[in-house]
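Trainee: Please give me a close look at the salt bridges. Then carry on to the empty spaces that share residues with them.

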Amino acid sequence: MMRLWEQHASEYKKTLSLSIPVIIAQAGQITVGLIDNVMIGQLGTGPLAAASFTNTLFTLVLIFGMGYSFALTPLIGKSWGEKDNASVGSWIKNGIMANAFMGIALALLLIILYVFMPYMGQPQSVLQPSRDYLSILIASVIPMMVFYAYKQFAEGIGDTKTAMKIMLWANAINTLGNYMFMYGKFGAPEMGLTGAGIGTLIARIFMAIAFIILFYKNRKYKLFTELYNQASFGWSKFMQIVKLGIPLGGQIVMEACAFGLCAIMMGWIGEVGMAAHQITATLSTLGYMIYQGLGAGTTIRVSHYKGANDKEGIIRATKTAMNLMYVYCAFSILLFVGARNILPLLFTSDTIVIQLAAQMLIVCGVFQLVDGIQIVLVGTLRGFADARVPVIITFISYFLISLPFSYLSAFQWGFGAVGIWFGFPVGLAVCSTLFQMRYKYILKKI
């Protein structure tokens, strides 16, 4: 009995130690994104509109790249759990090459988008600043993908703190770079929106270089540096990463697109709906951020247990993350529902927008449980290196169920703007149920 209690206590400790740095890093990214928007907003409505248009194109590409890089964590984690050091070194080398390859591919895709921007129906006042801004951001994609490769390697061996520290330093560099080049401070030229792109580029180059230096200089990575140097390129492993990474990237992009399409539907209703949707979507990241951190920690623990062929460990790791999720889920529901009339005041004083956002926050509270379940289970399935079936489940849940339900609720059943949010709990409930079925199916095969 005591042994069992110690195992569970150790699992909670390890899951939290892995998850908390990921959560802090995500919080830092959200914060720096808000700071970016505030700083760009000081330049005027035109630059803010140009940044919004550019980021709409760029963010989906970057999200795909981030999801693609997730492939490396379960592959390294499994080999690490098996104590197969030679494979770990091979995965690191091939993973960095696979990420760099995808970085080049994404940069080429963005160049194509850059060429076609004049045909996207945007005002001329927005077009040229948008193109200038995007041209700088394109250069940041490859170093960002290189950073993600090292980040996911580190997470594969159970180190989430290093990436967190680098990302927090990069956020500070990004903010300082924006201040210098946007406003012409400390002797730098005043470049407006283009200066914001330069600040982002400098920060992302720093992230890649910092992790490369740490990889070779930090003593805790000495073994992995040696294994990397001994390893050679293997086409089979390279393609295994690509084939796993593409559906993982697609899965995350689908989730982002679903929210984006809901925002478009809000635009059909009016400005009030769009404003309330933006407020609610921003607040919902408070829950999503924590769940994602727990999901990342679960991926690492499950991949290690899979490598060790420890079925009980896999079950214990998943249940631990679920229990932690339940605790935070209860807090989120109380926050969103109990403070639904207060939270929107952080964004606006418009009474009509506040009332509509309050209704949306009730719906947001309703789907916290199923959202938390599906994110944790995605983490478990990722730990199994299972991606093809989850991406199909995600497509069915969001595009065949959630979005049509949102449309019907808003425009056919008369619920208006808040009805668009009705699709989320329905789609997420289907998603979490199908993920549970998939998890149990794989567990039986182990």
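Mentor: Start with one cut-off: a residue is buried when its relative accessible area is under 20%, exposed when it is over 50%, and partly exposed in between. Keep in mind that this is a predicted model.

D159 has a relative accessibility of 10%, so this residue counts as buried. Its salt-bridge partner is K220, with N and O 3.3 Å apart. The two partners sit in distant parts of the chain, 61 residues apart. K220 is in the loop between helix 8 (193-217) and helix 9 (222-230), while D159 is in the loop between helix 6 and helix 7 (161-183). K220 has a relative accessible area of 44%, so this residue is partly exposed.

Why can such pairs form at all? Side chains of opposite charge can pair because their charged atoms come close.

The count of salt bridges comes to six. Another one joins E155 and K151, whose closest N and O atoms are 2.8 Å apart. This pair sits within helix 6 (residues 141-156). The partners are four residues apart, so about one helical turn separates them. E155 is buried, at 5% relative accessible area. K151 is also buried, at 11%.

Now turn to R438 and D386. Their side chains form a salt bridge, 2.9 Å from N to O. R438 belongs to helix 17 (residues 423-445), and D386 lies in the loop between helix 14 (368-383) and helix 15 (388-412). The pair therefore ties together parts that are 52 residues apart in sequence. R438 and D386 are both buried. There is a network as well: salt bridges with shared partners join E11, R301 and R316.

D386 leads us to the empty spaces. A probe the size of a water molecule, rolled over the atoms, shows where space is left empty. Two cavities of 30 Å³ or more turn up here. D386 helps line the second largest cavity, along with L248, Q251, V378, L381, R382 and P390. About 30 Å³ of space lies in this cavity. Helix 14 gives the largest share of the lining, three residues. Helix 10, like helix 14, supplies at least two. By class, the lining has four nonpolar residues, one polar and two charged.

The largest cavity holds about 100 Å³ of space. Its lining includes F70, Y288 and Q292, and also L248, Q251, V378 and R382. Helix 10, helix 11 (271-307) and helix 14 are the elements that give two or more residues to this lining. Here the classes are six nonpolar, three polar and two charged.

Finish with the second largest pocket, where about 210 Å³ of space lies. Its lining runs through A385, A387 and R388, among others. Helix 3 (72-81) and helix 10 (235-269) each supply at least two of its lining residues. The largest share, four residues, comes from helix 3. P74, L75, K78 and S79 are among the residues that line this pocket. Sorted by class, the lining has six nonpolar, two polar and four charged residues.

So which residue should you mark on your copy? Mark D386: this residue pairs with R438, and D386 also lines the second largest cavity.

Definitions and conventions: Residues numbered from 1 in each chain as written. Predicted model: local features only at pLDDT ≥ 70, side-chain atom pairs only at ≥ 80, totals over all residues. Heavy atoms only, no water. 1 Å grid on protein atoms, 1.4 Å probe; cavity = no way out; pocket = protein on both sides within 12 Å on 5 of 7 lines; lining within 4 Å. Points joined across faces, edges and corners; volume = space filled by probe spheres on them. Nonpolar A, V, L, I, M, F, W, Y, C, P; charged D, E, K, R; others polar. Salt bridge = Lys/Arg side-chain N within 4 Å of Asp/Glu carboxyl O. Buried < 20%, exposed > 50% of the residue type's maximum accessible area, 1.4 Å probe, protein only.
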